[in-house]
Amino acid sequence: MTAITASGTKLRAPRINGHQTFGRALRSEWIKIRSLRSTWVTSAVAMGVMVLFGAATAIGYHDIPEQVDQAKYQITSAAPFGYIIVAVLGALQVTGEYASGQIRSSLAAVPRRGHLLLAKAVVLAIVSFLLGSLSVFLSWAISKPFLGEHAGSLTDAHYAGYIWGSGLVFAGIALMTLGIGFLLRSTAGAITVVVSLLFVILLPLQLAAGQWNWVNKIIAYLPISVSSAMSNPLPEAAQSSAEGAQFLTHGQSIAVFAAWALIPLIAAWFVFS
């Protein structure tokens, strides 16, 4: 492509060697998320709280004769705190760019919006998975010397599922928040919606379940209820948080949790694209 100046001189535009690929979009999103100080500070605080609280709870249960057999399962007791942290990370990954105007630069660098959204989702899922699984693993490692023979073994596939399963829950909640963040484009709005779905809405529903039994079915489908099926490989983990209410099988609970993570992301894909 050439252009002619007022003096008649021909200027040739520079040729751009290279093209945008999903791999490059993925690399740029990884650079962005790891270069933010808030990512490291938030992750460090979250891991510190989850590890110490989980290990302390497990050790505390071990000191109670009636609860000694349940001590090894308490390494995930601080997971709800981590859910909030990854929700914040998921929201900020997109809403922070809208607030600062950086989304324009991101779209200029990655014109294919589907690639941009998918790259953000992949990077966020990996970071969240590592945050969740590593925190639970460290809780187990710290509590194991105190629990002695009552500690769980990582050679047990079911018990090891607490570690990678917790990572999957963290990744799912982060992806759900990312999708909602793309839809609302508001940090406060996205975090409020996710926290409400995870925790706030549960209390009034549990109170209503005392009057109407059908409310238990709604509770069984909430993300916080079905998340236990993902973080605990044992089939009995699929029961609802409402006492005695078991409406979903283990596999159905995992499918419902996956839907909570993917449906907002798919909706965001169509809206953003």
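# Close-ups of a predicted helical model

**Figure 1. Glu97 and Lys120 pair up across two helices.** The side chains of Glu97 and Lys120 form a salt bridge, with N and O 2.6 Å apart. Glu97 belongs to helix H3 and Lys120 to helix H5, so this pair ties together parts of the chain 23 residues apart in sequence. Keep in mind that the model shown in every panel is predicted. How buried is Lys120? Its relative accessible area is 0%, so Lys120 counts as buried. Glu97 is buried too, with a relative accessible area of 5%.

**Figure 2. Lys120 has another acidic partner, Glu29.** Here the closest N and O atoms of the Lys120–Glu29 salt bridge sit 3.0 Å apart. This one links distant parts of the chain: Glu29 is in helix H1 (residues 22-35), Lys120 is in helix H5, and 91 residues separate the two. Both Glu29 and Lys120 are buried.

**Figure 3. Glu97 also reaches Lys32.** Their side chains meet in a salt bridge, at 2.9 Å from N to O. Lys32 lies in helix H1 and Glu97 in helix H3, so the contact ties together stretches 65 residues apart in sequence. Is Lys32 buried or exposed? The cut-off for buried is under 20% relative accessible area, and Lys32 comes in at 19%, so Lys32 counts as buried. Put the pieces together and you get a salt-bridge network of Glu29, Lys32, Glu97 and Lys120. For the tally, the count of salt bridges comes to four.

**Figure 4. The largest nonpolar core, with H6 up front.** This core has 53 residues. Which of them have the most contacts inside it? Those are Tyr83, Ile173, Leu178, Phe182 and Val194. Helix H6 (157-184) supplies the largest share of the core, 10 residues. Zoom in on Val194 and, once its neighbours within four places in sequence are set aside, the contacts are Ala87, Ile173, Met176, Thr177 and Ile180. As a bit of background, nonpolar side chains tend to be buried together in soluble globular proteins. There is also a second, separate core of 10 residues, with Ala58, Ala71, Ile75 and Ala151 among them.

**Figure 5. Helix H10, wrapped by its neighbours.** Why call this helix largely enclosed? Eight of the nine residues of H10 (residues 223-231) are buried, so the rest of the structure largely encloses it. The buried ones are Pro223, Ile224, Ser225, Val226, Ser227, Ala229, Met230 and Ser231. What covers them? The cover includes helix H3 (79-100), H6, helix H7 (187-200), helix H8 (202-209), helix H9 (215-220) and helix H11 (250-272).

**Figure 6. A nonpolar patch at the surface.** Val41, Val45, Val49, Phe53 and Phe81 make up a patch of about 410 Å². Which helix gives the most to it? That would be helix H2 (residues 37-62), with four residues. An α-helix has 3.6 residues a turn, so residues three or four places apart point the same way. Phe53 is one of the patch members, and its place is in helix H2. With a relative accessible area of 47%, Phe53 is partly exposed.

**Figure 7. Thr155 in the loop between H5 and H6.** Thr155 is found in the loop that runs between helix H5 (113-147) and helix H6 (157-184). Its relative accessibility is 76%, so Thr155 counts as exposed. What does its side chain touch in the way of polar partners? The side chains of Thr155 and Ser153 are joined by a polar contact of 2.6 Å.

**Figure 8. Zooming back out to the whole chain.** The secondary structure of the protein chain comes to 11 helices and two strands. Read along the sequence, the pattern is β-β-α-α-α-α-α-α-α-α-α-α-α. Of the 273 residues in the chain, 44% count as buried. How much of the contact map is long-range? Among contacts with a separation of 6 or more, 72% come from residues 24 or more positions apart. The protein chain exposes about 14400 Å², with carbon and sulfur atoms supplying 65% of that area.

Notes. Residues numbered from 1 in each chain as written. Predicted model: local features only at pLDDT ≥ 70, side-chain atom pairs only at ≥ 80, totals over all residues. Heavy atoms only, no water. Buried < 20%, exposed > 50% of the residue type's maximum accessible area, 1.4 Å probe, protein only. Polar contact = N/O pair within 3.5 Å; in protein donor to acceptor, adjacent residues only side chain to side chain. Contact = heavy atoms within 4.5 Å. Patch = residues over 30% accessible without salt bridge, like charges linked within 9 Å, V, L, I, M, F, W, Y side chains within 5 Å. Areas by Shrake-Rupley, 256 points an atom, 1.4 Å probe, with all protein chains shown as cover. Core = buried A, V, L, I, M, F, W, Y, C linked by side-chain atoms within 4.5 Å.
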